[in-house]
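Biologist: Could you take me through this model? I would like to begin with how far it can be trusted.

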Amino acid sequence: TKKKVSKNKFDLKKYKKVQLLYRPLFFASDKMQAVTTQVHFCVYNQYKNKFWDYFLSTLGDFQQDTPKVLYEKAEGLGMDSADLKTCLVDQKYQEVVDYHLKYAQYLGIQAGPVLYVGGEVLHGAIQAESVEKIIHRHLKIPAAGVW
């Protein structure tokens, strides 16, 4: 049987020269997203080469057993969940998460998702095709979208 491939799947490996940065944005009252974001930073700093695969695998709404789901997905990608648990319990990246939330507030951004691509901003329901169009435009005209 053939595996169905989503048309909206964005293949990050296709753009080796494109630098992607992670800036979380969520309501401070969303405690499960706060946990998820802290674990994202733990993964980013401990398993940098697996971050984007992990990040994409943890998108979604899993209000029940959030830490358990996060650790299972990490183990599925060959990460040590004990290291991530320690990182989360020690709140190693709480200040980093707080910084990003304050920075978004400073910029006046109140809801996500928001994606910055080469100086251009996408928000709301972001389609992979929109991101790829911007990337291709920047590859052809490097100053496109820069103000």
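Modeller: This is a predicted model. Confidence is highest in helix α4 (residues 81–89), at a mean pLDDT of 95, and lowest in strand β1 (residues 114–117), at 75. The mean pLDDT of the protein is 81, and 81% of its residues reach 70 or more.

Biologist: Where does pLDDT stay under 50?

Modeller: That applies to residues 1–8, for which the model has five contacts beyond four places in sequence. Where pLDDT is low, the predicted coordinates should not be read in detail.

Biologist: On to the interior. Which residues have the most contacts inside the largest nonpolar core?

Modeller: They are Val39, Val43, Tyr54, Leu70, Met79 and Leu84, in a core of 24 residues. Helices α1, α2 (51–57), α3, α4 and α5 each supply at least two residues of this core. Helix α1 gives the most, with six.

Biologist: And what does Met79 touch?

Modeller: Setting aside residues up to four places away in sequence, Met79 touches Val43, Tyr47, Lys50, Tyr54, Ala74 and Leu84. Apart from the largest core lies another one, of five residues, among them Leu122, Val131, Ile134 and Ile135.

Biologist: Thr37 next. Is Thr37 buried or exposed?

Modeller: Thr37 is buried, because its relative accessible area is 0% and the cut-off for buried is under 20%. Thr37 lies in helix α1 (residues 31–46). Beyond its neighbours within four places in sequence, Thr37 is in contact with Tyr22, Pro24, Phe26 and Val97.

Biologist: Changing topic: how many salt bridges does a search of the whole structure find?

Modeller: The search finds one. The side chains of Glu72 and Lys68 meet in it, at 3.8 Å from N to O. Both residues lie in helix α3 (residues 66–76), four residues apart, which is about one turn of the helix.

Biologist: Why does Glu72 count as partly exposed?

Modeller: Its relative accessibility is 43%, and partly exposed covers the range between the 20% and 50% cut-offs, so Glu72 falls in that class.

Biologist: Last, the surface. Which residues form the nonpolar patch?

Modeller: The patch consists of Tyr99, Tyr103, Tyr106, Leu107, Tyr116 and Val121, with about 650 Å² of accessible area together. Helix α5 (residues 94–107) gives the most to the patch, with four residues.

Biologist: Where is Val121 found?

Modeller: Val121 is found in strand β2 (residues 120–123). Val121 counts as partly exposed, at 45% relative accessibility.

How values were computed
Residues are numbered from 1 along each chain as its sequence is written. This is a predicted model: local features need pLDDT of at least 70, side-chain atom pairs count only at pLDDT 80 or more; totals for chains, interfaces and linings use all residues. Side-chain values use heavy atoms; hydrogens and water are left out. Patches are made of residues with over 30% relative accessible area and no salt bridge: like charges are joined within 9 Å, nonpolar side chains (Val, Leu, Ile, Met, Phe, Trp, Tyr) within 5 Å. Accessible areas come from the Shrake-Rupley method with a 1.4 Å probe; for residues, only the protein chains shown count as cover. A salt bridge is a side-chain nitrogen of Lys or Arg within 4 Å of a carboxyl oxygen of Asp or Glu. Buried means under 20% relative accessible area, exposed over 50%, partly exposed in between (1.4 Å probe, protein chains only). pLDDT is the predictor's confidence in each residue, from 0 to 100. Contact means heavy atoms within 4.5 Å. A nonpolar core is a set of buried Ala, Val, Leu, Ile, Met, Phe, Trp, Tyr and Cys residues joined through side-chain atoms within 4.5 Å.
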